[in-house]
Amino acid sequence: MGGGYQYIETGGFSEYLYETVGKTENINGLRCKMIRRIDGKKEHAQLPSYSNTSDVYLRPNADDIAVQAKVYESRRMIVDFDWSHTHVNQSDGRFFKEGVVHVQKYRFVGVNDKGKHIFERISGEARLMNNAEIKKYGPVLRKFNPNVKFR
């Protein structure tokens, strides 16, 4: 997701180009920024696997309202908050309607033979945000989309 290609400590976090939408916010000690791909390809709108300058990147819809957020630790994505679509877990049938945040966690697996960094979901089962996540990240999500629902 997001096309993380090479991990470059000084920047250049993705094989895609992004632009900032709006201004960078500091919320709960987190540097947060909404970004959008600028290469014109709509079929791959996800956020990058690596962060360049922020702790949280958010993805806007066509109206520049956030519909997804990724949290980064040591520049690598670790958590994805998504409310842009209806989601159903294949494993247990749990249903999340559009507008309600479902959470998926990731881990870094390694680098493939083409040098691309590979991440995988720790669990293929999405879940709702827990209380600690709502307290820490809820204000971030609400700043960029006041209508987001946590449960």
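Let's start in the middle of this predicted model, with a pair of strands. Strand β5 (residues 76-82) and strand β8 (residues 102-111) pair in the antiparallel sense, over four bridges. If you want to find one of those partnerships on screen, look for Val79: its bridge partner in β8 is Lys105.

Strand β5 also pairs with strand β4 (residues 66-73), again antiparallel, and here six bridges join the two. Tyr72 has Met77 in β5 as its bridge partner, and Val71 stands opposite Val79 in β5. The two strands form a hairpin with two residues between them, and in that hairpin Ser74 takes a positive phi near 50°. How many of the seven residues of β5 are buried? Five are, so you can think of this strand as mostly covered.

Now zoom out. β4, β5 and β8 belong to an open sheet of seven strands with mixed pairing, and the order across the sheet is β1-β2-β3-β4-β5-β8-β9. Which strands stand at the edges? They are β1 (18-27) and β9 (117-121); each has a single partner strand, so one side of each is left without a neighbour in the sheet. The sheet isn't flat like a table, either: neighbouring strands are turned by 25° against each other on average, direction ignored. While you're tracing strands, keep one rule of thumb in mind: side chains in a regular strand alternate between the two faces of the sheet.

Next, find helix α1 (residues 131-144). Helix α1 lies across β1, β2 (30-37), β3 (56-60), β4, β5 and β8, and runs at about 130° to β1.

What about the inside? The largest nonpolar core has 23 residues, and the ones with the most contacts inside it are Val56, Leu58, Phe81, Trp83, Val101 and Leu141. The elements giving two or more residues to this core are β1, β2, β3, β4, β5 and α1. Val101 is a good residue to click on: not counting residues up to four places away in sequence, Val101 touches a whole list of others, including Phe81, Trp83, Phe96, Leu128, Leu141 and Phe150. Apart from this core lies another one, of nine residues, among them Ile35, Tyr57, Met77 and Phe119.

Two of the core residues you've just met turn up again in aromatic pairs, so let's look at the rings. The structure holds two such pairs. In one of them, Tyr57 and Tyr72 have ring centres 5.4 Å apart and planes at 70°, so the pair is edge-to-face. Tyr57 is in strand β3 and Tyr72 in strand β4, 15 residues apart. Are these two tyrosines buried or exposed? Tyr57 is buried, with a relative accessible area of 2%, and Tyr72 counts as buried at 6%. The other pair is Phe81 with Tyr137: the centres are 5.4 Å apart and the planes are at 50°, so this pair is tilted. It links distant parts of the chain, with Phe81 in strand β5 and Tyr137 in helix α1, 56 residues apart. Phe81 is buried, with a relative accessible area of 1%, and Tyr137 is buried too, at 13%.

Finally, the charged residues. There are three salt bridges in the structure. Arg36 forms one with Glu19, and the closest N and O atoms are 3.1 Å apart. Arg36 lies in strand β2 and Glu19 in strand β1, so the pair ties together parts that are 17 residues apart in sequence. Asp64 forms a salt bridge with Arg36 as well, with the closest N and O atoms 2.6 Å apart. This time the link runs from the loop between β3 and β4, where Asp64 sits, to strand β2, and the two residues are 28 apart. Put together, Glu19, Arg36 and Asp64 are linked in a network of salt bridges. How covered are they? Arg36 counts as partly exposed at 29%, Glu19 is partly exposed at 34%, and Asp64 counts as partly exposed at 33%.

The remaining salt bridge joins Arg127 and Glu133, whose closest N and O atoms are 2.8 Å apart. Here the two partners differ in cover: Arg127 counts as partly exposed at 24% relative accessibility, whereas Glu133 counts as buried at 7%.

Methods
Residues are numbered from 1 along each chain as its sequence is written. This is a predicted model: local features need pLDDT of at least 70, side-chain atom pairs count only at pLDDT 80 or more; totals for chains, interfaces and linings use all residues. Side-chain values use heavy atoms; hydrogens and water are left out. Buried means under 20% relative accessible area, exposed over 50%, partly exposed in between (1.4 Å probe, protein chains only). Two strands pair if DSSP finds at least two bridges between them. Axes are lines fitted to C-alpha atoms, for helices over the stretch in contact, and angles run from 0 to 180 degrees between N-to-C directions. Contact means heavy atoms within 4.5 Å. A nonpolar core is a set of buried Ala, Val, Leu, Ile, Met, Phe, Trp, Tyr and Cys residues joined through side-chain atoms within 4.5 Å. A salt bridge is a side-chain nitrogen of Lys or Arg within 4 Å of a carboxyl oxygen of Asp or Glu. Rings of Phe, Tyr and Trp (its six-membered ring) pair if their centres lie within 6.5 Å; planes under 30 degrees apart count as stacked, over 60 as edge-to-face and the rest as tilted.
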